[in-house]
Amino acid sequence: MNVIVLEPSDFIGEGVVRLCDRRREHARKHLRAEPGDRLRVGLLDEGDEAPLPNLGHGEVLRCDREALELRVSLGERPPAASGIVLALALPRPPTLEKVLQQGTALGIKRFLLFHSRRVEPSYWDSSLLAAAALRRHMLLGLEQCVDTVLPRIEMHRGFAAFVEERLEQERARGVVVVADPEAAEMCPCGGEEGSLCLVLGPEGGFVPYERERFAGLGDRMVGLGPRILRVETAMVALVARLGGPPTVLWK
Ligand code: SAH
């Protein structure tokens, strides 16, 4: 936890919060916070507009077994978001947890979960897909990377409508890149102007019809080489490659 993320309900007075949950525990056990210490805090931003200057510090007023109380002063902007929209064939719940946490930590602000042939249908009934559970995992990502802006999640249970209609909006805004171990083209290293939607397949991969559908709609199929990676590993490698400026290898 590199920042304590606050919510409006934490405030007990003007600029003062009282925390009695795992955030108190973290401050007491790991930070050994004492009155007078300054801790990094941020107020969760769930808005759709430009990020608010919601990062700042909290001066410890009290930190004991019952409560952590802080006098909060905010005013700094969170780090710039990644421009990448991450579309993910719904993976099994433990994988989704990792992707949400790590994707959020890498600055992803929009996740699109979609169905495809090799997605196990029961995954759509997982308790992880409840709003509160999704939010918990994204909060862990924000706490890791010192950010305050909560990502959005969309769910699309029909493959055809997702690929033909929802992704059309992404094609209109920029490029759609489909990561597939069978792709002939190697994933480029940055340099893509404008918006980018990265699509990852399910643990069992895409079926031929699905590959043809993406390719037929003009999406770029890219690979990371012959090693088949776990979805969460492929996600990190792809976001790192695609998200940065063009790479110049050292000479
Ligand atoms: N047996 C499946 C493996 C899927 S791995 C298959 O052969 O397709 C799950 C997803 O992770 C893939 O659909 C892809 O989006 C991503 N991925 C894993 N390894 C990759 C690689 N080497 N190159 C590109 N994408 C990869």
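This report walks through a predicted model, from the whole chain to the ligand site and then to single residues.

Residues are numbered from 1 along each chain as its sequence is written. In this predicted model, local features need pLDDT of at least 70, side-chain atom pairs count only at pLDDT 80 or more, totals for chains, interfaces and linings use all residues, and side-chain values use heavy atoms, with hydrogens and water left out.

**Overall build**

The protein has 6 helices and 13 strands. Both are DSSP runs numbered from the N terminus: helices are H or I with at least four residues, strands are E with at least two. The C-alpha trace spans about 60 × 50 × 35 Å along its principal axes.

Of the 251 residues, 47% are buried. Buried means under 20% relative accessible area, exposed means over 50%, and partly exposed lies in between (1.4 Å probe, protein chains only). The accessible surface of the protein is about 12800 Å², and carbon and sulfur atoms hold 51% of it. Accessible areas come from the Shrake-Rupley method with a 1.4 Å probe; for residues, only the protein chains shown count as cover.

A contact means heavy atoms within 4.5 Å. Among contacts with a separation of 6 or more, 71% link residues 24 or more positions apart.

There are 33 positive and 36 negative charges, and their mean positions are 4 Å apart. Lys and Arg count as positive, Asp and Glu as negative; His and the chain ends are not counted. Each charge is placed at NZ of Lys, CZ of Arg, CG of Asp or CD of Glu.

**The ligand site**

The ligand is surrounded by 19 residues, and the closest are Ala 179, Gly 201, Leu 224, Arg 227 and Leu 229. To be near the ligand, a residue needs a heavy atom within 4 Å of it. Backbone atoms of Ala 179 and Gly 201 approach ligand oxygen atoms at 2.7 Å and 2.9 Å. At Leu 229, a polar backbone atom is 3.0 Å from a ligand nitrogen atom. Taken alone the ligand exposes 540 Å², and the protein buries 90% of that.

**Side-chain polar contacts**

A polar contact is a pair of N or O atoms within 3.5 Å; within protein, one must be able to donate a hydrogen and the other to accept it, and residues adjacent in sequence count only if both atoms are side-chain atoms. These pairs join side chain to side chain:

| Residue | Partner | Distance |
|---|---|---|
| Trp 124 | His 115 | 2.9 Å |
| Glu 154 | Arg 166 | 2.7 Å |
| Arg 171 | Glu 168 | 2.9 Å |
| Arg 171 | Asp 219 | 2.7 Å |

Trp 124 sits in the loop between strand 8 (110-114) and helix 3. Its relative accessible area is 8%, so Trp 124 is buried. Beyond four places in sequence, Trp 124 contacts residues including Leu 90, Phe 114, His 115, Met 155 and Arg 157. Gly 58 is 66 residues from Trp 124 in sequence and 40 Å away in space, C-alpha to C-alpha.

Glu 154 belongs to strand 9. At a relative accessible area of 17%, Glu 154 is buried. Outside four places in sequence, Glu 154 touches Arg 110, Phe 111, Leu 112, Leu 113 and Arg 166. The C-alpha atoms of Glu 154 and Arg 110 are 7.8 Å apart, with their positions 44 residues apart along the chain.

Arg 171 lies in helix 4 (residues 159-173). Arg 171 counts as buried because its relative accessibility is 15%. Again leaving out residues up to four places away, Arg 171 touches Val 163, Glu 164, Val 176, Leu 217 and Asp 219.

**Loop residues**

Asn 54 falls in the loop between strand 4 (38-43) and strand 5 (55-63). Asn 54 is buried, at 9% relative accessible area. Beyond four places in sequence, Asn 54 touches residues including Val 41, Asp 45, Leu 74, Glu 76 and Thr 148.

Most residues other than glycine have a negative phi. Arg 32 has a positive phi of about 50°. Arg 32 lies in the loop between helix 1 (22-30) and strand 4, and is exposed at 65%. Val 146 also has a positive phi, near 60°. Val 146 is in the loop between helix 3 (131-145) and strand 9 (152-156). Unlike exposed Arg 32, Val 146 is buried, at 18% relative accessibility.
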